[in-house]
Amino acid sequence: MSEAFDSARLALIDTFVKERYLDTGLLAHAQVLVARGGEIAHFSSQGPAREGSDTPIDESSIFRIASMTKPITSIAFMQLLEAGKVALDTPVHHVLPEFKGLGVYAGGGGGVPFLTRPCERAMTMQDLLRHTSGLTYSFQNRSNIDLAYRQGKLENWHGNLTLDELIAALGKLPLEFSPGTAWNYSVSTDVLGAVVQRLSGKSLDAYFAEHIFAPLGMNDTGFMVPAEKIDRLTDCYTFIPGKGRVIYDKGAESAWSHMPRQLSGGGGLVSTALDYHRFTLMLLNGGTLEGERVIGRKTLELMTQNHLPAEADIASMSKSMFSEESYGGVGFGLGFAVNLNPARSMLPGSIGEFNWGGLFSTYFFVDPVEEVTMVFMTQLSPSSTYPVRRELKTMIYAALN
């Protein structure tokens, strides 16, 4: 791959990350994997895996990938679509009857009973995949509905509701808007995980293991870290204004050391850079890896087109922003953000490149035009704290020959 990238320019990435983020203490550690045509061109690991230890992260390190779980759940759903069990326009309440009769917020909340009005149409599976469902996230902190999510601890995976109980709770709350009329980052993919469970008759962890992780050889990916691997789990941090970076979840005493009560298809998985690299290779290869077909080529083409109404981008439809990116010129497909216009995104890239990231600042992208994939691992929430994803993307494209 020496001819694919300028090696000196790739090396600048590590120098930049070290000087800008690690030496300053902004991030504890960082891992960057870049490949072209399926061959790894650059894979660097810097920084200690755990607080107070000199042991650095390495290729065996395990990270909480948060919303990088979403594309995996989306692939699982589309496998069931390929099997004829569901369609994109299937109303969600046909599979999750708890959602029948959902209304749109019209007032109330914060201790006052909610008022609702009827939806203009029923929520569909496509709405879940592209985040136009009307659902929200508790961390949005912008409405009485996400307040109700916080009060009910709906997203507390390790100690409150099961996935079925989450669906029941969501079925009693209003939507923020009528499905299809706006874009809002939300628990939509968690709901999609419940759909996968109901349609397959298997728990989400068992379905993933059998239909995605085993075929792809993703042996270190799952909803928990077994005892024999717990020494490989990195520490995780959060940024608090006025305090800086503080420990959120210690690797040695992690909540991920046991199975969560709620299996989160929206954000619950842990993985390694090499495992997720295998997932991105499958995506680059049109749904197959080393003779194992995970998803059909045309299905994946459908997933990586912009599905927002009237070819809109996220910026024009979004009810809230949640990361360092502006999302101008970026659409959303069935589980992925899709680059529609590099000029509007103000970043180098290709039309048709698709990507997503996680709350703890992890990130991946797949560029079918240049045949480039990347996986970035670190552990700091929220992902909006620093523009590291944007900087890495710029430097990777700058290194292309």
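Visitor: Which residues of helix H9 are buried?
Guide: The buried residues of H9 are Ala273, Asp275, Tyr276, His277, Phe279, Thr280, Leu281, Met282, Leu283 and Leu284. Buried means under 20% relative accessible area, exposed over 50% and partly exposed in between, with a 1.4 Å probe and protein chains only. Helices are DSSP runs of H or I with at least four residues, and strands are runs of E with at least two, numbered from the N terminus.

Visitor: Is this model predicted, and what is the numbering?
Guide: This is a predicted model, where local features need pLDDT of at least 70, side-chain atom pairs count only at pLDDT 80 or more, and totals for chains, interfaces and linings use all residues. Residues are numbered from 1 along each chain as its sequence is written, and side-chain values use heavy atoms, leaving out hydrogens and water.

Visitor: Back to H9, where does it run?
Guide: H9 covers residues 273–284. Ten of its twelve residues are buried, and Gly286, with a positive phi near 75 degrees, follows the helix.

Visitor: How many helices and strands does the protein have?
Guide: The protein has 13 helices and 16 strands. Its radius of gyration is 20 Å, close to the 21 Å from the globule rule for 401 residues, so the protein is as compact as a globular protein of that length. That radius is taken over C-alpha atoms, and the rule is 2.2 Å times the number of residues to the power 0.38.

Visitor: And what share of the whole protein is buried?
Guide: Of the 401 residues, 59% count as buried.

Key. The expected span of a helix is 1.5 Å times one less than its number of residues.
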